[in-house]
Amino acid sequence: MGTGGEATGGTNQVHDMIAALAVLVGIAVCGVGLTWLTVPSASWGTGQTALALTICGLIQAELARRRAHVDSPRVSAVAVWVIGAALTLPLSAVLLTSAVLLTHDVFRGPHRGPHFGRVLAGGTGAGLAGLVYAAVGGTLGAVLAGLAYLVATDGPTLVREARRFVRDAHHRGSLGDGVTCVALGVLLGLFAQHSLLAVPLVLLPAAYLQQAARGRALRHAAAHDPKTQLWNHAAWQTLSSAALANHRKRTAVLMVDLDHFKRLNDTYGHQAGDDVLACVAHVLQTTTRRSDIVARFGGEEFSILLPGVTEHEACQAAERIRNQIAALTVITTNLHGRPTTIKGITASIGVATTHQGDACVDDLLVHADRWLYEAKESGRNRVCGPVLTAA
């Protein structure tokens, strides 16, 4: 079974690479055709600029590749050079230059499949940036061209990161990396119009940008759960301890545990279980406030710190979460790879507050875990805490 799965995965990768190459060849052919039609006597200066941008982009990418550890996140800076080309070269030369840089990024860059969509988005973004700058011109046109490239290549990621930032005050995603790459590309293009020496001078800031982005990616990976992209437990404790110091008299911790999760895994498979965890994580992020700290505690358990709430408000928040999880419909695949829908997911929640005299996050976790055990013993799919018990 394992051999067949590996063979299928290898075949899909081959097909994806062939599709990516087809797009690259199409970009190059379009570039040659446009060169023939629109720039029959391209100046030697244009060729020099295109060559300088391509060589510097490849050098910077190779240096970054060699400096990165095998298991460390790597960040592509191809946008810097593609945008620089869009602001200094004719559209035909832009397509040719971007084709070379994108080819290198596919085979030697930091990203690992799928290639087809990334290459198509990169070629589209390069052409769109060139057209925008040709139509508007000037500094405004350069900025708009950079934004056009960013939207064409990373639009969904930008929207997702912006939403996460709005929901989570502690979130530090990759939104700034893409914007910085575009800004550096715009500066490169504007300066390269006046002097070719600006092209190699951008190598140093581009390398620094890539190194800084790699450091942020490493810190993000160290602090987040890979399956749900929530905080991991260690990061949650650090953030929660700081929040508790500011709201010592009014803070609550919720422990959320999915009911019968092992049975769900055994019935539908681990991929379906991962999809359920991701959907529950989304519910927790959208149901809580921006100041709340949500983490995957481990397995099917989640921990949430609610600063500045009363016991009654904490129990109300827990009930909202429980109802939203119960209303979930998860579309996934089963053990046989066939589409399936999972409903009826329930959760048990334990609530602990600082009104019980707890002095630290660990004490709150212990009490919340006890109330979670009480919810499990009482029949599951319920919220248990001191206020509810007193009532």
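Lys-376 and Asp-259 are both buried. They form a salt bridge, and the closest N and O atoms are 2.7 Å apart. The two residues are far apart in the chain, by 117 residues: Lys-376 sits in helix α14, and Asp-259 in the loop between β1 and α11. Before I go on, please note that this is a predicted model.

Lys-376 has a second partner. Its side chain also meets that of Asp-257 in a salt bridge, at 2.5 Å from N to O. Here the separation along the chain is 119 residues, with Lys-376 in helix α14 and Asp-257 in strand β1. Asp-257 is buried, as is Lys-376. Taken together, Asp-257, Asp-259 and Lys-376 are linked in a network of salt bridges. As a general remark, side chains of opposite charge can pair when their charged atoms come close.

How many salt bridges does a search of the whole structure find? The search gives 8. One of them joins Lys-227 to Asp-274, with 3.2 Å between the closest N and O atoms. This pair also links distant parts of the chain: Lys-227 lies in the loop between α9 and α10, while Asp-274 is in helix α12, residues 270–287, and the two are 47 residues apart. Are these two buried or exposed? Lys-227 has a relative accessible area of 45%, so it counts as partly exposed. Asp-274 is partly exposed as well, because its relative accessible area is 23% and the cut-off for buried is under 20%.

Next, helix α10, residues 233–246. It has 14 residues, which at 1.5 Å a residue should span 20 Å; the end C-alpha atoms are 20 Å apart, so expectation and model agree. Which residues of α10 are buried? They are Ala-235, Trp-236, Ser-240, Ala-243 and Leu-244. These cover an arc of only 155° around the axis, and therefore lie on the same side of α10. On the other side of the helix, Ala-234, Thr-238 and Ala-245 are exposed. What do the buried residues pack against? Their neighbours are two helices, α9 (203–223) and α14 (361–377), and the strands β1 (251–258), β2 (293–298) and β3 (301–307). Two of these elements have already come up: α14 holds Lys-376, and β1 holds Asp-257.

Now to the surface. A nonpolar patch is formed there by Val-136, Leu-140, Val-143, Leu-144 and Leu-147, which together have about 410 Å² of accessible area. Which helix gives the most to the patch? That is α6, residues 138–167, with 4 residues. Val-136 is found in helix α5, residues 116–136. Val-136 counts as partly exposed because its relative accessibility is 43%.

Last, the chain as a whole. It contains 15 helices and 7 strands. Of its 391 residues, 44% are buried. The accessible surface comes to about 19500 Å², and carbon and sulfur atoms account for 62% of that. What share of the contacts with a separation of 6 or more comes from residues 24 or more positions apart? The share is 73%. The salt bridges of Lys-376 also link distant parts of the chain, at 119 residues for Asp-257 and 117 for Asp-259.

Notes. Residues numbered from 1 in each chain as written. Predicted model: local features only at pLDDT ≥ 70, side-chain atom pairs only at ≥ 80, totals over all residues. Heavy atoms only, no water. Patch = residues over 30% accessible without salt bridge, like charges linked within 9 Å, V, L, I, M, F, W, Y side chains within 5 Å. Areas by Shrake-Rupley, 256 points an atom, 1.4 Å probe, with all protein chains shown as cover. Salt bridge = Lys/Arg side-chain N within 4 Å of Asp/Glu carboxyl O. Buried < 20%, exposed > 50% of the residue type's maximum accessible area, 1.4 Å probe, protein only. Contact = heavy atoms within 4.5 Å. Expected span 1.5 Å × (residues − 1). Arc of directions from axis to C-beta.
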